[in-house]
Number of protein chains: 2
Amino acid sequence: MTETPKQTVPVERLRHGDLGDDLSFLLARANALSVSAANTALAAFDLKVRSYSVLALVVGDERPSQRELAEFLRLDPSQVVALVDDLERRGLATRLPDESDRRAKVIVGTTAGRELFAVARRATQRAELEVHSALSAKERELLADTLRRIAYPR
Amino acid sequence: MTETPKQTVPVERLRHGDLGDDLSFLLARANALSVSAANTALAAFDLKVRSYSVLALVVGDERPSQRELAEFLRLDPSQVVALVDDLERRGLATRLPDESDRRAKVIVGTTAGRELFAVARRATQRAELEVHSALSAKERELLADTLRRIAYPR
DNA sequence: ATAAATAATTGTGGAAATCAATAATTAAAA
DNA sequence: TTTTAATTATTGATTTCCACAATTATTTAT
């Protein structure tokens with residue numbers, strides 16, 4: 001029996017089918033790598049990309065309502081309830097009544113929330129830089145511009 | 001009571017915080033739009049991006065093992081079992097013994113699988129074109145090149 | 001004044017991710 | 001060669017995630 005040498009680069013050959021070069025698939029795979037790197041970096045702070053994203057949106061001075069968070073993050077409103085519950089329980093954000101609409105609640109980050117976000121942000125940016133290390137600063141800029149046109153259509 | 005005019009572009013202002021311009025976030029958002037467009041297009045064939053991806057990989061002549069599918073798609077091997085179970089039940093793919101390793105099973109698309117993939121592919125490509133309609137052909141090409149460097153590091 | 005729409009919330013069922021354990025087989029080490 | 005370790009597919013359990021329906025309070029439209 002002649003021995004077939006075992007491949008050391010296992011799935012290389014799968015890259016060159018209909019799928020491996022597909023733009024949507026590349027997008028999905030790049031995103032998967034990015035998300036898991038970010039989650040790894042955020043684990044130290046008991047955050048995931050979801051809760052980190054909410055935190056990022058509420059530590060500024062935009063004071064979004066839960067509905068706005070849901071819409072922007074493409075989440076079901078009920079998921080936002082759970083995410084805000086968690087942040088609030090941990091003292092990182094607060095629900096405030098919306099002065100102009102008593103149905104709505106405005107979410108604002110606390111001081112602790114802002115502080116945690118600051119350090120978590122450094123960690124995610126380090127991780128992100130790692131993921132995109134194959135690209136130059138200029139290429140990253142161009143990529144962001146291009147993705148922005150897809151991410152925010154119209 | 002003075003009335004505050006309701007905004008017609010609701011979350012526009014959230015785009016311009018720390019998050020909205022973040023490369024990883026843009027990647028995630030662009031991908032989310034792409035995935036949901038693809039899933040919508042694939043629903044007509046009782047496929048999702050997951051099962052479509054597996055189908056795409058097995059209708060070629062690479063004859064991947066389940067382990068290779070799992071690795072390439074970044075899935076747990078047990079999820080691949082379920083996906084292949086489904087395709088096999090529907091007569092779209094078959095498990096064949098790997099001649100050189102009797103632990104492994106090689107997955108090959110059936111004729112029906114190839115036919116379904118062909119039409120499903122047209123549908124997803126239409127949907128994809130829609131999602132990326134803000135980009136020219138040249139820009140799509142450049143985007144694919146850039147994403148490829150992130151998606152397949154080293 | 002009444003009706004319709006909206007914001008947050010709860011609960012629910014199904015999909016999916018994660019993890020441990022197992023049987024069969026192969027590869028590595030002694 | 002014999003034993004040991006690693007690998008492949010599989011099952012099952014656990015948890016998390018996601019999409020929906022229903023509910024309450026409030027606001028907007030008729």
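Mentor: Let's start with a term: two residues are in contact when they have heavy atoms within 4.5 Å of each other. Keep in mind that this is a predicted model, where local features need pLDDT of at least 70 and side-chain atom pairs count only at pLDDT 80 or more, while totals for chains, interfaces and linings use all residues; side-chain values use heavy atoms, with hydrogens and water left out. Residues are numbered from 1 along each chain as its sequence is written, and chains are lettered from A and ligands numbered from 1 in the order in which they are written.

Trainee: Okay, let's try that out. Which residues is B:Asp98 in contact with, leaving aside neighbours within four places in sequence?

Mentor: B:Ala104, B:Lys105 and B:Val106. B:Asp98 itself sits in the loop joining β1 (93–97) to β2 (105–109) of chain B. Those labels are DSSP runs numbered from the N terminus: helices are H or I with at least four residues, strands are E with at least two.

Trainee: Is B:Asp98 buried or exposed?

Mentor: Buried means under 20% relative accessible area, exposed over 50%, and partly exposed is in between, using a 1.4 Å probe and protein chains only. B:Asp98 has 19% relative accessibility, so it counts as buried. For polar contacts, look for a pair of N or O atoms within 3.5 Å; within protein, one must be able to donate a hydrogen and the other to accept it, and residues adjacent in sequence count only if both atoms are side-chain atoms. Here a polar side-chain atom of B:Asp98 is 2.8 Å from the backbone nitrogen of B:Ser100.

Trainee: And how do I read strand pairing?

Mentor: Two strands pair if DSSP finds at least two bridges between them. In chain A, β1 (residues 93–97) and β2 run antiparallel, with five bridges. A:Thr94 stands opposite A:Val108 in β2(A).

Trainee: How many residues of β2 (residues 105–109) in chain A are buried?

Mentor: Four of its five. Over in β1 of chain A you'll find A:Arg95, which counts as buried because its relative accessibility is 18%. Beyond four places in sequence, A:Arg95 touches residues including A:Asp85, A:Glu88 and A:Lys105.

Trainee: Now the DNA. Which residues come nearest to strand C?

Mentor: A residue is near a strand if one of its heavy atoms lies within 4 Å of it. Of the 19 residues around DNA strand C, the nearest are A:Arg67, A:Arg95, A:Arg103, B:Arg50 and B:Gln79. The surface there has three nonpolar, five polar and 11 charged residues. Here Ala, Val, Leu, Ile, Met, Phe, Trp, Tyr, Cys and Pro count as nonpolar, Asp, Glu, Lys and Arg as charged, and the others, Gly among them, as polar.

Trainee: What part of the DNA faces the protein?

Mentor: Sugar or phosphate accounts for 74% of the strand C atoms within 4 Å of the protein, and bases for the rest. A phosphate oxygen lies 2.9 Å from a polar side-chain atom of A:Lys105, and one is 3.0 Å from a polar backbone atom of B:Arg102. On the base side, a nitrogen is 3.2 Å from a side-chain N or O atom of B:Ser78.

Trainee: Last one: how do I size up the interface between chains A and B?

Mentor: Use buried area, the accessible area (1.4 Å probe) that two parts lose on being put together, summed over both. Between chain B and chain A that is about 6300 Å², with 61% from carbon and sulfur atoms. In chain B, the residues losing the most area to chain A are B:Leu14, B:Leu23 and B:Phe72, together 11% of what that side buries.
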